[in-house]
Amino acid sequence: SPKEREFVAASQAALQRVQLLRRMALLMIPVLLVMSYIGVQVAARRKLERQVSTLVAEAQAVVQEATKLDEETLRLRAEAFAQFDGKHKDDGEKVWAQARQVAVKADRVYNRASQILESALTLDVTRSDVREQLAMALYQRAQSADRDRQRQKRDDLLERLALYDVGGKLQQRWKTPGKLTIATSPLGAQVQLQQYLDEESGRKTLTPKKDLGITPIFESALPPGSYLLTLQAAGKLEVRYPLVIERGEALRIDVPLPSRSEVPPGYVFIPKGRFLFGYGQDESLRKTFAEV
């Protein structure tokens, strides 16, 4: 009958609605799971970023502290050298002891900054900015070790630096050549160059001589290091001139070339210039065997 057909149609429509709702519910389950997973990941990422940012901020503050200590070390070193130059040995020793204490403290603070940044990088290895900051902290610490003639520590730090130096920029900066300008009296002297290289035994050896040119020589690029110049001119005494040139340094030297008759037999002419003073290793050895 019409009523029966209407009832059957209504029942079928109701059944179809129930089936549709069930299908929609089944389809929504994976969508909800995906959305829940994304939400968890976003929250975890934000938490990770907060943790890394906190560590980076802490490391930046520590690096600033180390930089100030480094500056104080340089000030105290300069003051100690001035005292020694003024023949005030006891005062110089006191200031030098302070400089060494501050230098040791600066090294510890730099090391703490490196540890903090390594922790941040462990949390998120994709952070190239953290990697660069860690490389810079190691670079600054290596500079201090090089200044204090701590070669083994310097080399170890440079090896660690290579692991984090993005693109090798800091390693290239470490090798920035100095520029050497040479003048002689009289001009026209032939200049030969040799470099001192460190042997495993701790001794130094000289490379073969190579011609650098005729004076005056302007801004000859030399890698940072220790060198020996041999200067020769007709009728003049051969002069040997050792020097150390720092990375990025512009160094000018003026070397007088005396005639042979001006230097008595058995004497060696030493031209004026700067020189390394003191002892870069154990302080007790310096005080016991190297006092002047």
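**Extended chain, two nonpolar cores**

Modeller: About 19,200 Å² of the protein chain is exposed, with 57% of it supplied by carbon and sulfur atoms; the areas come from the Shrake-Rupley method with a 1.4 Å probe, and for residues only the protein chains shown count as cover. This is a predicted model, in which local features need pLDDT of at least 70 and side-chain atom pairs count only at pLDDT 80 or more, while totals for chains, interfaces and linings use all residues. Residues are numbered from 1 along each chain as its sequence is written, and side-chain values use heavy atoms, leaving out hydrogens and water.

Colleague: Why is the protein chain called more spread out than a compact globule?

Modeller: The globule rule is 2.2 Å times the number of residues to the power 0.38, and the radius of gyration is taken over C-alpha atoms. For 292 residues the rule gives 19 Å, whereas the protein chain has 35 Å, well over that value, so it is more spread out than a compact globule. Its C-alpha atoms fill a box of roughly 145 × 45 × 30 Å along the principal axes.

Colleague: What makes a set of residues a nonpolar core?

Modeller: Its members are buried Ala, Val, Leu, Ile, Met, Phe, Trp, Tyr and Cys residues joined through side-chain atoms within 4.5 Å; buried means under 20% relative accessible area (1.4 Å probe, protein chains only). The largest such core has 37 residues, and V52 and L117 are among those with the most contacts inside it. Apart from it lies another core of 20 residues, including A189 and L243.

How values were computed
Buried < 20%, exposed > 50% of the residue type's maximum accessible area, 1.4 Å probe, protein only.
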